Amino acid sequence: VIVVNDQFPGPVLEVTTNDNVAIDVRNKLDEELLVNWNGMHLQDNPWQDGVRGTNCAISPKWNFTYQFQAKDQIGSFFYHPSIKFQRASGGFGPIIVMNRTVIPLPFSKPDADVTLMIGDWYTRDHKVLRGELDAGRHLGLPDGVLINGKGPYQYNTTLVPDGIEYETIKVDPGKTYRFRVHNIGISTSLNFRIQSHSLILAETEGYYTSQNNISNFDVHVGQSYSFLVTMNQNASSDYYIVASARFLNESGWERVTGVAILQYSNSKGKATGPLPDPPNDFYDKSWSMNQALSVRQNGSASGARPNPQGSFVYSRINVTDTYILQTLPPTTVMGKRHATLNGISFVNPDTPIVLADSKSLNGTYKPDFPLQPMAGRGHRMDASVINGRFKGFVEIVFQNNDTILQTFHLDGFSFYVVGMGYGVWTTDKRTSYNLWDAIYRCTVQVFPDAWTAIYVYLDNPGVWNLRTENLDRWYLGQETYIKLVNPETKEQQFPAPKNIQYCGALAYLQKNPNSAISINKNMKLLVAMLMVLLVVLIELR
């Protein structure tokens, strides 16, 4: 696995709203590396995004110091490797952005935080898996589901062999815990539940939600949620914590189940018996979608700022542009299997887009991405990006004509999830939009043969990655970028950092690596510097 500071998953990166953060990533892998900060807005600072379109990769034995501000954010996020399918072998960990003390929580302060990184897992490493994809093959059914890097508790002797290390969460009776749950897997949606305990949904990806009691919840790839759980059951035995696969019809899917243990401090015995039931919706494909639509914002709660979340009335803003982004099953393009958006499989240029623009280097990409599906035109591979309107209020419709559920993420922004439904999106679907209390988040699910619509205010200058979080589809090219330039002044975007790395057509500018931490003096509002050191290395276990 890929470990961070000898940990798998990596250590928690805990900061407070408006902290400035410096993270020195030292690459001890035998291949290039980039780290993405999933959900962090990086206001005016695309240089720190850690994806191919913004950064040159960190070479083996080199380091790079990421520097950004957790500006006006709170909530639950994660970091992860963004290239070469490395996330399939680890290298990920949680990010917690705490409220400032002057901002009250919209619920009683929990007694403690519990972080759970859940996800499907293959016993083959990422190099083998990407070799399978390069050869045009499917990855097949995952070998299991990990919870905090550990396998399942032996709840069934037929399905789970003896001797597997499993996660145990120790709790005290009567206390309330905030469970921060992240699906960091490759492609499998997971249903999360805790035996005999109610979950109160409280937050998702930096936004407080209306608080509903639920027994289980679908967490899709790349999504993060907070649940409040009170330990109000008797301690006659331990309890199961379950993350089980959703929407898999292949034989053997039962083994794609993660099981951890919830252990009261006065527990009298081990957990036994069957797992708590998953949703019984095999013949009701609307159940999971209806659950997603039930996630609403808590309009009276204060987030990163004192003003209530609901004070921004998004329904009163005129939509300036509509993007319709269609996904299809992978297809053959130029003799190889690729995934597409609007018929284009994205090819990352050798010189990152932000870097090329900073040096007025032309011809590395094309600002001509089609804003709707190209009817009657063949698929192609291209470095085609969306030429966005700065401070435009944009409607993006994801039309999923693939056979699998997908999740989509937009770096640099959060967005309002205003609607979703089955079939083909048409303009009359706007009458079903939630224009009052839609949730505001950065990663959203799109069901197969269905659509999801979002509203996003494009007020963050730079170049920002728009991608599927399904790792296999992302690797096969299902992404693009939105380029935003402030027409009044280009200086609003941060200038290139002092420790910038060069590659591609600008590789001749690269100096020898500096092993010291290099702090960018151009960081704005440098009030308090939190230093966090991440050392990334590979270790077989």
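A residue counts as buried when its relative accessible area is under 20%. Glycine 477 has a relative accessible area of 4%, and it is therefore buried. The structure to which this residue belongs is a predicted model, and glycine 477 offers a convenient point of entry to it.

Glycine 477 sits in the loop that runs between α4 and β33, the latter spanning residues 479–484. Beyond its neighbours up to four places away in sequence, glycine 477 touches Ala339, Ile344, Ser345 and Phe346. A further relation across the chain is with leucine 341: the two residues are 136 positions apart in sequence, yet their C-alpha atoms are 8.3 Å apart in space. Phe346, one of the residues touched by glycine 477, also belongs to a separate second core of 17 residues, whose members include Phe494, Tyr502 and Cys503.

The discussion now turns to the principal core. The largest nonpolar core contains 103 residues, and within it the most contacts are made by Trp37, Leu116, Phe179, Phe227 and Leu262. Strand β31, residues 450–457, is the greatest contributor to this core, supplying six residues. The surroundings of leucine 116 can be described in detail. With residues up to four places away in sequence left out, leucine 116 touches Ile147, Ile169, Phe179, Val181, Phe192 and Ile241, among others. Asn148, Arg180 and His182 are also among the residues that leucine 116 touches.

A charged residue in the interior merits separate attention. Glutamate 395 is part of strand β26, which covers residues 393–400. Its relative accessibility is 1%, and because the limit for a buried residue is 20%, glutamate 395 is classed as buried. The side chain of glutamate 395 forms a polar contact of 2.7 Å with the side chain of threonine 322, and another polar contact, also of 2.7 Å, links the side chains of glutamate 395 and tyrosine 433. Once neighbours within four places in sequence are set aside, the contacts of glutamate 395 include Val319, Asp321, Tyr323, Trp425 and Arg430. Ile454 and Tyr455 are likewise in contact with glutamate 395.

Open and enclosed spaces form the next part of the description. The largest pocket holds about 1,400 Å³ of space. Its lining comprises 48 residues, and those nearest the pocket centre are Ala245, Arg246, Phe247, Leu248 and Asn249. Two elements, β18 (239–245) and α4 (471–475), give two or more residues to this lining. By class, the pocket lining consists of 24 nonpolar, twelve polar and twelve charged residues.

Phe247, one of the residues nearest the centre of the largest pocket, has a backbone feature of its own. Phi of phenylalanine 247 is near 65°, a positive value in a residue other than glycine. Phenylalanine 247 lies in the loop between β18 and β19, the latter formed by residues 257–264. With a relative accessibility of 43%, phenylalanine 247 is classed as partly exposed.

The whole structure contains three cavities of 30 Å³ or more. The largest cavity encloses about 90 Å³, and 16 residues line it, with Phe92, Gly119, Asp120, Trp121 and Ile184 closest to its centre. Strand β8, residues 112–121, provides the largest share of this lining, namely five residues. The lining of the largest cavity is made up of ten nonpolar, four polar and two charged residues.

The second largest cavity encloses about 80 Å³. Its lining is formed by Trp47, Thr54, Asn55, Cys56, Phe64, Pro352, Leu355, Pro497, Ile500 and Gln501. In this lining, seven residues are nonpolar and three are polar, with no charged residue present.

Two further backbone features complete the account. The peptide bond from phenylalanine 8 to proline 9 is cis, and its omega is near -5°. Proline 9 occupies the loop between β1 (2–4) and β2 (13–16). Methionine 334, a residue other than glycine, has a positive phi near 55°. The position of methionine 334 is in the loop that joins β21 (331–333) and β22 (336–338). Its relative accessibility is 71%, and since a residue over 50% counts as exposed, methionine 334 belongs to the exposed class.

Note on methods: Residues are numbered from 1 along each chain as its sequence is written. This is a predicted model: local features need pLDDT of at least 70, side-chain atom pairs count only at pLDDT 80 or more; totals for chains, interfaces and linings use all residues. Side-chain values use heavy atoms; hydrogens and water are left out. On a 1 Å grid over the protein atoms alone, a cavity is a set of points where a 1.4 Å probe fits but cannot get out, and a pocket is an open set with protein on both sides within 12 Å along at least five of seven lines; lining residues have an atom within 4 Å of a point. Grid points are joined across faces, edges and corners, and a volume is the space filled by probe spheres set on the points. Helices (H or I, at least four residues) and strands (E, at least two) are DSSP runs, numbered from the N terminus. Ala, Val, Leu, Ile, Met, Phe, Trp, Tyr, Cys and Pro count as nonpolar, Asp, Glu, Lys and Arg as charged, and the others, Gly among them, as polar. A nonpolar core is a set of buried Ala, Val, Leu, Ile, Met, Phe, Trp, Tyr and Cys residues joined through side-chain atoms within 4.5 Å. Buried means under 20% relative accessible area, exposed over 50%, partly exposed in between (1.4 Å probe, protein chains only). Contact means heavy atoms within 4.5 Å. A polar contact is a pair of N or O atoms within 3.5 Å; within protein, one must be able to donate a hydrogen and the other to accept it, and residues adjacent in sequence count only if both atoms are side-chain atoms.
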